[in-house]
Amino acid sequence: MFELFKDLGAWLVDGDQWAGQDGIGHRLAEHLQYSLLATLVAAVIALPIGLLIGHTGRGAFVAINLASFGRALPTVGLVVLVFLASGLSMWPVYVALVALAVPAIVTNTYAGMSAVDPEVRDAARGQGMRGHQVLFQVELPLALPLVMTGLRLALIQVVATATIAAYVSFGGLGRYVFDGLAQRDLVQVLGGAVLVALVAVVLDLALSGLQRALFRHRPAKSA
């Protein structure tokens, strides 16, 4: 076991391992591209849904159950299904990653909107605010911490799952996992897994720090 981790350390710090199209730097850039783009598309789809059902209270049952269904979808199975329908492209990977990210964003956005005190909504309407003003000036600012938590969870899930790009012969850090398995190279497999875990941890810490910085001056709710 010690020798395995020693070889892993040597693999990670090897300068040649970081250079070129197959190097860690390039694979890391690919992995981040897949993850960030998929999360952005998921946010564009899921945020309006979560805001709408949270604001109106309509469609919550259907939306939450659809989100749960999406969370239960087998990611690799979805990749294969879209791959068979669309051919060799990145579409299967992006579809699967977006489908994975949408549930976390929808449910957390809805939860944040639902947590807004009804009396606050009523007071805003009593001051003459229209529906969209109540949504964007009152409800959304109050729900924003949970909305950001949903985005954070979605991104981390996507980063951890973006290794499936290598399953259909594309890049990313998953390339080391799948190539290592094919070559029976345990060090390469472990190296790919460690790199994915490190990226997920670093992004999680960064987003968590950003979230704390943005809301550190927000007064705590009284009991």
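With a relative accessible area of 12%, L135 is buried; here buried means under 20% relative accessible area, exposed means over 50%, and partly exposed covers the range in between (1.4 Å probe, protein chains only). The place of this leucine is in helix α7, where helices (H or I, at least four residues) and strands (E, at least two) are DSSP runs numbered from the N terminus. L135 and L51 are separated by 84 residues in sequence, yet their C-alpha atoms are 8.1 Å apart in space.

The model is predicted: local features need pLDDT of at least 70 and side-chain atom pairs count only at pLDDT 80 or more, whereas totals for chains, interfaces and linings use all residues. Residues are numbered from 1 along each chain as its sequence is written, and side-chain values use heavy atoms, with hydrogens and water left out.

The chain has 9 helices and 0 strands. Along the sequence, the pattern reads α-α-α-α-α-α-α-α-α. Of the 223 residues in the chain, 41% are buried.

The interior may be described through its nonpolar cores, a core being a set of buried Ala, Val, Leu, Ile, Met, Phe, Trp, Tyr and Cys residues joined through side-chain atoms within 4.5 Å. The largest nonpolar core has 24 residues, and those that touch the most other members are Y34, A38, A42, V93, L97, V102 and I105. Helices α2, α4 (75-86), α5 (91-114) and α7 each supply at least two residues of this core. Its largest share, 10 residues, comes from α5. Another core, of 14 residues, lies apart from it and includes I156, L195, V199 and A200.

Helix α2 also contributes to the surface. L37 lies in this helix and is partly exposed, at 39% relative accessibility. Together with L40, V41, V44, I45 and I49, L37 makes a nonpolar surface patch of about 490 Å². Patches are made of residues with over 30% relative accessible area and no salt bridge; like charges are joined within 9 Å, and nonpolar side chains (Val, Leu, Ile, Met, Phe, Trp, Tyr) within 5 Å. The accessible areas come from the Shrake-Rupley method with a 1.4 Å probe, and for residues only the protein chains shown count as cover. L37 can also be placed relative to L97: the two are 60 residues apart in sequence and 9.5 Å apart in space, C-alpha to C-alpha. L97 is itself among the residues of the largest nonpolar core that touch the most other members.

Attention now turns to charged pairs. The structure holds 6 salt bridges, each defined as a side-chain nitrogen of Lys or Arg within 4 Å of a carboxyl oxygen of Asp or Glu. How far apart are the closest N and O atoms of the salt bridge between R152 and D204? The distance is 2.6 Å. This pair links distant parts of the chain, since R152 belongs to helix α7 (residues 131-161) and D204 to helix α9 (residues 186-215), 52 residues apart. R152 counts as partly exposed at 22% relative accessibility, and D204 is likewise partly exposed, at 25%. Elsewhere, salt bridges that share partners join D22, R27 and E30 into one network. Between the C-alpha atoms of D204 and R152 the distance is 6.8 Å.

Within the network, D22 forms a salt bridge with R27, the closest N and O atoms being 2.7 Å apart. E30 forms a salt bridge with R27 as well, with the closest N and O atoms 2.9 Å apart. E30 and R27 both lie in helix α2 (residues 24-56), 3 residues apart, about one turn of the helix. Are the three residues of the network buried or exposed? D22 is exposed, with a relative accessible area of 53%; R27 counts as buried at 10%, and E30 is buried at 15%.

Helix α9, which holds D204, permits a check of its geometry. The expected span of a helix is 1.5 Å times one less than its number of residues. The 30 residues of α9 should therefore span 44 Å, and its end C-alpha atoms are 43 Å apart, which agrees. At the N-terminal end of α9, D185 acts as a cap: one of its side-chain oxygens lies 3.3 Å from the backbone nitrogen of V187.

Key
A polar contact is a pair of N or O atoms within 3.5 Å; within protein, one must be able to donate a hydrogen and the other to accept it, and residues adjacent in sequence count only if both atoms are side-chain atoms.
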